[in-house]
Amino acid sequence: MNKIKKIDIMPSGLVFLWEDKSDTFVEFKKLRDICPCAYCAGETDVFGNVYIGDGIKKSKLAYEINKIELVGHYAIQIFWKDNHSSGIYTFKLLKSLN
Ligand SMILES: [Zn+2]
């Protein structure tokens, strides 16, 4: 699997540098809007109904990053400045944004 070697924080987004030397630029706004956590992405109950969080009122801080942590060898966790940090972005997901 393609792994992230390095993440550069740019003024408007992140650049992921991959093991295969390719890179992916993703704007903060896009990253936050695809947050894969249950709250943002919606949860499916046993009957297949999807519940989507009311949409957090996203302030400007919602699109700024506090820090990024590696999760195992397959994902990163992004800590946004509005204190939202439950989204785990897998490498696979990030790579698919190319
Ligand atoms: Zn989220």
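Two strands count as paired here if DSSP finds at least two bridges between them. With that in hand, open the model, which is a predicted one, and follow the stops below.

**Whole chain**

Start with the full chain shown as a cartoon. There are 3 helices and 8 strands to find. Reading from the N terminus, the elements come in the order β-β-β-α-α-β-β-β-β-β-α. The C-alpha trace extends about 45 × 30 × 20 Å along its principal axes. The radius of gyration is 14 Å, which agrees with the value near 13 Å that a compact globule of 98 residues would have. Colour by burial next: 11% of the 98 residues count as buried. Among contacts with a separation of 6 or more, 31% join residues that are 24 or more positions apart.

**The N-terminal strands**

Select residues 4–9 and 13–18. These are β1 and β2, an antiparallel pair with 5 bridges. The two strands make a hairpin with 3 residues between them. To see one pairing in detail, show Ile9, which stands opposite Leu14 in β2.

Now add residues 23–27, strand β3. β2 pairs with β3 in the antiparallel sense, again over 5 bridges. Here Leu17 is placed opposite Asp23 of β3. The hairpin of β2 and β3 has 4 residues between the strands, and Lys21 in that hairpin has a positive phi near 75 degrees.

**Lys5**

Go back to β1 and pick Lys5, which lies in this strand. Is Lys5 buried or exposed? Lys5 counts as exposed, because there are 12 C-beta neighbours inside 10 Å and a residue with 12 or fewer is classed that way. Leaving out residues up to four places away in sequence, Lys5 touches Leu17, Trp18 and Glu19. For a distance across the model, draw a line from the C-alpha of Lys5 to that of Asn66: the two are 61 residues apart in sequence and 20 Å apart in space.

**The sheet of β6, β7 and β8**

Asn66 leads to the next selection, residues 65–71, which make up β6. Together, 3 strands form an open sheet in the order β6-β7-β8, with antiparallel pairing. Which strands stand at the edges? They are β6 and β8 (88–90); each has a single partner strand, so one side of each is left without a neighbour in the sheet. Viewed across the sheet, neighbouring strands are turned by 30 degrees against each other on average, direction ignored.

Strands in a sheet pair through backbone hydrogen bonds, in either a parallel or an antiparallel manner. Select residues 75–80 to bring up β7, which pairs with β6 in the antiparallel sense over 6 bridges. At Val71, look for the bridge partner in β7, which is Ala75.

**The nonpolar core**

Finally, show side chains for Ile4, Leu14, Phe16, Ile76, Ile78, Trp80, Tyr89 and Leu94. These 8 residues form the largest nonpolar core. β2 and β7 each supply at least two of its residues, and the largest share, 3 residues, comes from β7. In soluble globular proteins, nonpolar side chains tend to be buried together.

End on Leu14, a member of this core. Which residues does Leu14 touch, not counting those up to four places away in sequence? They are Ile7, Asp8, Ile9, Val26 and Leu31. Ile9 in this list is the residue that stands opposite Leu14 in the pairing with β2.

Note on methods: Residues are numbered from 1 along each chain as its sequence is written. This is a predicted model: local features need pLDDT of at least 70, side-chain atom pairs count only at pLDDT 80 or more; totals for chains, interfaces and linings use all residues. Axes are lines fitted to C-alpha atoms, for helices over the stretch in contact, and angles run from 0 to 180 degrees between N-to-C directions. A residue is buried if 20 or more other C-beta atoms lie within 10 Å of its own, exposed if 12 or fewer, and partly exposed in between; C-beta atoms are placed from the backbone. Two residues are in contact if their C-beta atoms, placed from the backbone, lie within 7 Å. A nonpolar core is a set of buried Ala, Val, Leu, Ile, Met, Phe, Trp, Tyr and Cys residues joined through C-beta atoms within 7 Å. The radius of gyration is taken over C-alpha atoms; the globule rule is 2.2 Å times the number of residues to the power 0.38.
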